[in-house]
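This report concerns the arrangement of charge, the overall fold and the aromatic contacts of one protein chain. The structure is shown first.

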Amino acid sequence: MNEHVAQVRACSDMEEYLFDLNGYLILRNALTPAQVAACNHTYDELDAANVEGRGWHGNVVVHNSGRQEGLIFQQLYEAGPVWEELLDHPSWYGKAIHFIGTDDPENFDGHHGPAFIDECFGTIRGPGGAQRLHSGGHVGTIRTQFRYHAGKFHCGQINVLMAFNDIGPGDGATMVIPGSHKSNIRHPQTVAMEKRGEEVSVDGVEGAIECHLKAGDALLFVDAIAHGSARRTNPGQRRIAVYRYGPSWGHFRLPYRPSPELLERLTPRRRSLVYPHGKEVLPPGRAA
Ligand SMILES: O=C(O)CCC(=O)C(=O)O
Ligand SMILES: [Fe+2]
């Protein structure tokens, strides 16, 4: 087995059972207080940058969307040492590749690491912010799928959503419909992509629950689960980031790419997570 793959068992029997049943797990105290503080320091700077529309702060994209989703950051793994630690964080790295299924040598080609982070983003959401209900098992795309076959998980995308402050009632918590990663029928209250600019939240959606998190907790979920968020009614900000893990044969979701400096300084395992494609081999005489 490749050194990239965790050698220790990443999930308890109960975690496997609950993830299969519900489509998500809450990982308490996934981050240390020092890591939470460092992430908040980055968010303070990104917030203070006061970017209009879409711009860059260092190698991080800051998108002041003007939509209810709030301030959106892309390529957060570029933002400093703590963001690099999160790439293969022991609180979830082994679980993510277990649910993708590439901790199984039979399902892992060995040319590169077992997973790829195809999007690494975060949001700051103030009062009034929310996220529409989207996804669900009925969609069936391979990229976001939940799949269990021959005694193993084979999920297309495992999201790790980390909280940098406490997210309780009124804070605009992420909401999920437990079990909906297996649903065959579209939830009648799902909101189409074209309508995402409209003011719609998951509040009051049949079957949906709020995932309340403390600063440092993480919500791990398969993207196929129907999810979104409650509307924030409290003052202040909700601060989260999401690292999306999928198989290493995947491709970037958006046109953003890691900087050469980041690739240069990352450990081999971390580099393989942000750019598993490695060095290209081209025909003779062609520069890579
Ligand atoms: O903003 C939220 O709470 C939901 C985020 C979301 O939809 C995702 O991570 O895919
Ligand atoms: Fe989502």
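## Charge distribution

In this predicted model, the protein chain carries 28 positive and 33 negative charges, whose mean positions lie 3 Å apart. Lys and Arg count as positive and Asp and Glu as negative, while His and the chain ends are not counted. Each charge is placed at NZ of Lys, CZ of Arg, CG of Asp or CD of Glu.

## Basis of the values

Local features need pLDDT of at least 70 and side-chain atom pairs pLDDT 80 or more, whereas totals for chains, interfaces and linings use all residues. Residues are numbered from 1 along each chain as its sequence is written, chains are lettered from A and ligands numbered from 1 in the order written, and side-chain values use heavy atoms, without hydrogens and water.

## Burial and contacts

Of the 288 residues in the protein chain, 53% are buried (under 20% relative accessible area, 1.4 Å probe, protein chains only). Among contacts (heavy atoms within 4.5 Å) with a separation of 6 or more, 83% join residues 24 or more positions apart.

## Aromatic residues

The structure holds 13 aromatic pairs (rings of Phe, Tyr and the six-membered ring of Trp, with centres within 6.5 Å). The ring centres of Phe146 and Phe153 are 6.2 Å apart and the planes meet at 70 degrees, so this pair is edge-to-face (planes over 60 degrees apart). Phe146 is buried, with a relative accessible area of 15%, and Phe153 is also buried, at 4%. Ring pairs link these two residues with Phe19, Phe99 and Tyr148 in a cluster.

How values were computed. Buried < 20%, exposed > 50% of the residue type's maximum accessible area, 1.4 Å probe, protein only. Phe/Tyr/Trp six-rings, centres within 6.5 Å; stacked < 30°, edge-to-face > 60°.
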